[in-house]
Amino acid sequence: MAVAKRTFDVVIVGAGGSGMRAALALSEAGLKVAVLSKVFPTRSHTVAAQGGIAASLGNISEDNWHWHMYDTVKGSDYLGDQDAIEFMCRAAPEVVYELEHFGMPFDRLENGTIYQRSFGGHMQDYGKSPVQRACAAADRTGHALLHTLYQKNMQSNTIFFVEWMALDLIRDEDGDVLGVVAMEIETSEVMVLQARATLFATGGAARIFQASTNAYINTGDGLGMAARAGIPLEDMEFFQFHPTGVYGAGVLISEGVRGEGGYLLNKDGERFMLRYAPNAQDLASRDVVSRAIATEIKEGRGCGKHGDHVLLKVDHIGDAVIRQRLPGIRDISLKFAHVDPAQDPIPVVPTAHYMMGGIPTNYHGQVVAPYKTGPEEVVQGFYAVGECACVSVHGANRLGCNSLLDLLVFGREVARQIIEDLQRNPHPKPLPHDAAERPLARLARLKSQKNGESVAEVGVEMRRVMQNHCGVFRFPDLLAQGVEKIRTVAERVKNTMINDQSKVFNTACVEALELDNLIEVAQATMVSAAARQESRGGHARDDYPERDDDHWLKHSLYFSQGQKLDYKPVRLKPLTVESFPLKARVY
């Protein structure tokens with residue numbers, strides 16, 4: 001089968017905040033840039049980010065990047081790489097001011113400066129008291145960010161492939177990445193997109209869980225493609241459960257609600273966070289608050305007929321403030337919880353939200369991984385940024401508002417690195433003769449499979465196994481069973497078929513391809529979680545309740561082929577300042 005080919009300087013897979021920030025800088029540098037997106041760019045999942053962008057502007061109260069760095073290192077439970085964290089926190093004010101000059105409509109203070117609100121884990125003076133650090137556009141910051149970047153990219157003539165899905169990486173015998181094979185969703189046309197630089201900005205994969213704040217498009221496509229191409233996945237045991245997903249729906253209720261003064265209550269009307277985080281209280285780090293809620297429910301203090309959620313009280317803020325600062329949250333509460341937050345508390349429960357792990361990179365966005373039996377080194381031509389990448393600035397737990405910051409800082413930096421690399425390598429390498437063979441074979445199998453299993457049914461089983469065996473709290477017997485069960489599900493994935501090939505836009509085919517990616521992430525998460533014998537950040541084990549820096553201060557690397565694990569050290573040395581020493585993490 002003949003496959004069409006197009007050639008670009010850079011191919012970017014994913015049109016969220018990180019992909020479009022990188023595309024903007026690359027297009028403005030005069031490079032020919034193609035951006036692939038499964039959905040229209042302004043529908044990418046960055047649009048759902050609510051609370052703000054963390055930056056130490058100090059517009060309301062004193063702040064500086066060193067305090068921000070300390071909070072991020074502490075928030076990561078000391079698994080974050082301190083060189084990357086310093087790089088991100090120092091650059092934060094600059095990238096926010098850049099956005100302001102791009103025309104992003106931030107909320108304003110009376111003096112005209114950018115409005116900032118408090119957010120969990122962000123503190124003044126090395127953890128002493130909450131600070132207002134989140135630069136916000138009401139509770140629709142991601143929406144404002146994405147539209148701003150899309151408009152700038154249209155001005156810069158970035159080429160968008162809308163409703164296209166990348167299928168697999170193209171690697172040659174040297175291990176270099178030469179582009180991707182992609183499929184137009186509407187027509188099933190397969191095309192080779194050759195590029196001197198390939199950047200993955202494909203977002204997260206929390207759809208491996210039954211209850212998730214993530215959009216249906218968040219199917220770990222970049223991780224699946226990387227894993228199949230022999231790239232290990234880093235720190236996949238660390239998934240963040242957001243404390244406040246709408247009970248029964250999973251839709252996110254921003255931490256900005258607590259930043260504006262909201263607080264959590266159990267069935268007795270008690271502000272229970274005083275017990276778990278006496279200093280930060282409801283603005284403790286997300287993993288701390290999620291475990292506190294889970295503990296309240298487990299010990300019988302949950303709310304409702306089944307005692308399976310808690311309440312987020314907001315009405316004391318006042319209807320006017322809610323409509324001004326939290327209009328989107330008000331809409332979500334009305335639609336999904338059937339509650340007016342100005343009158344009644346919102347029922348909430350911890351919900352799978354964010355992936356701290358991903359494709360291993362350095363802070364320039366270059367993918368770094370061992371190839372075949374060699375040592376870790378830069379994978380030529382391959383870059384990753386945003387939630388699909390593990391830099392690692394988030395370590396074992398991400399602080400709220402550091403995600404949008406991550407997108408902007410490393411989206412800009414990876415573009416700078418790509419420009420530098422392409423100046424040294426001005427000519428594309430020849431493609432291997434079998435560049436499209438593997439994805440074409442996968443498509444052929446799906447379309448010819450008879451008497452196979454339903455993609456939907458196998459997907460439901462995968463999510464059920466992950467939710468029950470690898471949730472907020474993790475137990476040794478459940479993890480051991482989960483490893484075997486997820487392997488069984490993976491075998492079933494190989495036998496799935498497309499039930500209805502008449503569906504518009506090849507929906508069934510896309511769902512089957514997405515399941516191929518999700519199962520790679522699910523196996524990496526379960527196997528890595530079962531192996532890490534400690535509790536750290538988002539990974540809380542019942543049998544190993546303490547953090548173990550002597551044995552587990554290291555990043556995990558999961559190899560899909562053979563489901564093998566390896567480890568590498570955490571980078572504790574920052575770029576210019578003194579390291580923050582390890583100590584107990586309390587709020």
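This is a short tour of one predicted model, stop by stop, with something to select at each.

Before you click, note that residues are numbered from 1 along each chain as its sequence is written, and that side-chain values use heavy atoms, with hydrogens and water left out. Because the model is predicted, local features need pLDDT of at least 70 and side-chain atom pairs count only at pLDDT 80 or more, while totals for chains, interfaces and linings use all residues.

**Stop 1: the whole chain**

Show everything as a cartoon. You're looking at 16 helices and 22 strands; these are DSSP runs numbered from the N terminus, with helices being H or I of at least four residues and strands E of at least two. The radius of gyration is 23 Å, close to the 25 Å from the globule rule for 587 residues, so the chain is as compact as a globular protein of that length. (That radius is taken over C-alpha atoms, and the rule is 2.2 Å times the number of residues to the power 0.38.) Along the principal axes, the C-alpha atoms fill a box of roughly 65 × 50 × 50 Å.

**Stop 2: strand S1**

Select residues 4–13, which is S1. Add residues 190–200 to see S9, which runs parallel to S1 and is joined to it by nine bridges. Strands pair here if DSSP finds at least two bridges between them. Find Phe 8 and you'll see Ala 195 of S9 standing opposite. Now add S2, residues 33–37: four bridges join S2 to S1, also in parallel, and Ile 12 has Val 35 as its bridge partner.

**Stop 3: a sheet with a helix on it**

Next, pick S3 (53–54), S4 (116–124) and S5 (129–135). They make an open sheet in the order S3-S5-S4, with antiparallel pairing. S3 and S4 stand at the edges with a single partner strand each, so one side of each has no neighbour in the sheet. Five bridges link S4 and S5, and one pair to zoom in on is Arg 117 with Ala 134 in S5. Helix H2 packs on this sheet, touching S3, S4 and S5, and its direction makes about 65 degrees with that of S4. Contact means heavy atoms within 4.5 Å; angles run from 0 to 180 degrees between N-to-C directions, and axes are lines fitted to C-alpha atoms, for helices over the stretch in contact.

**Stop 4: H2, H3 and H11**

Keep H2 (residues 65–75) and add H3 (residues 82–102): they pack at about 140 degrees, with axes 9 Å apart. H2 and H3 are therefore oblique to each other. (Under 35 degrees is roughly parallel, over 145 roughly antiparallel, 65 to 115 roughly perpendicular, and the rest oblique.) Among the residues that meet are Trp 65 and Met 69 in H2, and Ile 85 and Cys 89 in H3.

Then select H11, residues 402–424: its axis is 8 Å from that of H3, at an angle of about 90 degrees. So H3 and H11 are roughly perpendicular. Look for Phe 87 and Leu 99 in H3, and Leu 405 and Phe 410 in H11, which are among the residues in this contact.

**Stop 5: towards the end of the chain**

Finally, select S10 (233–234), S22 (564–569) and S21 (554–559). This is an open antiparallel sheet in the order S10-S21-S22, and S10 and S22 are its edge strands. Six bridges join S21 to S22, and Lys 554 stands opposite Pro 569. Helix H15 (residues 507–531) lies across the three strands, at about 135 degrees to S21.
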